[in-house]
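Here are my comments on the model you sent round. Please read them with the structure open.

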Amino acid sequence: MTPNLVYVVVVGVLVGAGVSLLLERTLTRIVIGVVLIGNGVNVLILMGGAFGTPPIVGGGPDEDMSDPLPQAMILTAIVITLGITAFLLAMAYRSWQLLGHDEVQDDDEDTRIIGLAERDEGPHAKESGDDDLPTPVYSCEPQERR
């Protein structure tokens, strides 16, 4: 069975839009992105199943029955997506209550690591007067202590 081009485009659009929304900084957009990706994956699983008569024994010939496994997987995926969506909505609501917005902030450790990376990779690293700091050595061998 070859997949229908409309389904392939729908899956691509849903997953692409979902991923772009997941990369945003606000929790409401992340929730919408998770829902879109979940729906795109559900359509993808649906495309993997065979079309035919309902999967009820005695309802028709066994060769013409559709595969019930993709349907069961989609039902499971719907429940999991609903649970994740409820959790993310609760996080967004709590963030709105505490901070007045639902934007995800960088924490202190991320800011420190970004600053260290800029210091180590920048062209002004030798000129900044930080020569007394040890240069990181990336090696698998044990190092001597000074």
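The points below go from the overall fold to single residues and charged pairs.

1. **Ground rules.** This is a predicted model, in which local features need pLDDT of at least 70, side-chain atom pairs count only at pLDDT 80 or more, and totals for chains, interfaces and linings use all residues. Residues are numbered from 1 along each chain as its sequence is written, and side-chain values use heavy atoms, with hydrogens and water left out.

2. **Fold.** The protein has four helices and zero strands. Its order along the sequence is α-α-α-α. Both element types are DSSP runs, numbered from the N terminus: helices are H or I with at least four residues, strands are E with at least two.

3. **Surface and burial.** About 11,300 Å² of the protein is exposed, and carbon and sulfur atoms supply 64% of that area. Areas come from the Shrake-Rupley method with a 1.4 Å probe; for residues, only the protein chains shown count as cover. Of the 146 residues, 17% are buried. Buried means under 20% relative accessible area, exposed means over 50%, and partly exposed lies in between (1.4 Å probe, protein chains only).

4. **Contacts along the chain.** Take the contacts with a separation of 6 or more: 49% of them join residues 24 or more positions apart. A contact here means heavy atoms within 4.5 Å.

5. **Helix α2.** This helix covers residues 27-48. Its 22 residues, at 1.5 Å each, should span 32 Å, and the end C-alpha atoms are 32 Å apart, so the two agree. The expected span is 1.5 Å times one less than the number of residues. Which residues of α2 are buried? They are L27, I30, V31, G33, V34, G38, G40, N42 and M47. Their cover includes α1 (5-22) and α3.

6. **Two threonines on α3.** T85 sits in helix α3, residues 68-99. T81 is in helix α3 as well. Is T85 buried or exposed? T85 counts as buried because its relative accessibility is 14%. T81 is buried too, at 17%. Neighbours within four places in sequence aside, T85 touches V31 and V35. On the same basis, T81 contacts V34, V35 and G38. V35 therefore appears in the contacts of T85 and in those of T81; T81 itself is buried at 17%. An α-helix has 3.6 residues a turn, so residues three or four places apart point the same way.

7. **Salt bridges.** How many are there? The count comes to three. The rule asks for a side-chain nitrogen of Lys or Arg within 4 Å of a carboxyl oxygen of Asp or Glu. Side chains of opposite charge can pair when their charged atoms come close.

8. **E24 and R29.** These side chains meet in a salt bridge at 3.3 Å, N to O. E24 is partly exposed at 34%. R29 is partly exposed at 41%.

9. **E109 and R112.** The closest N and O atoms of this salt bridge are 2.8 Å apart. Both residues lie in helix α4 (residues 108-121), three residues apart, about one turn of the helix. E109 is partly exposed at 40%, and R112 is partly exposed at 46%.

10. **R119 and D120.** This salt bridge has an N to O distance of 3.0 Å. D120 counts as partly exposed at 40% relative accessibility. R119 is partly exposed at 25%.
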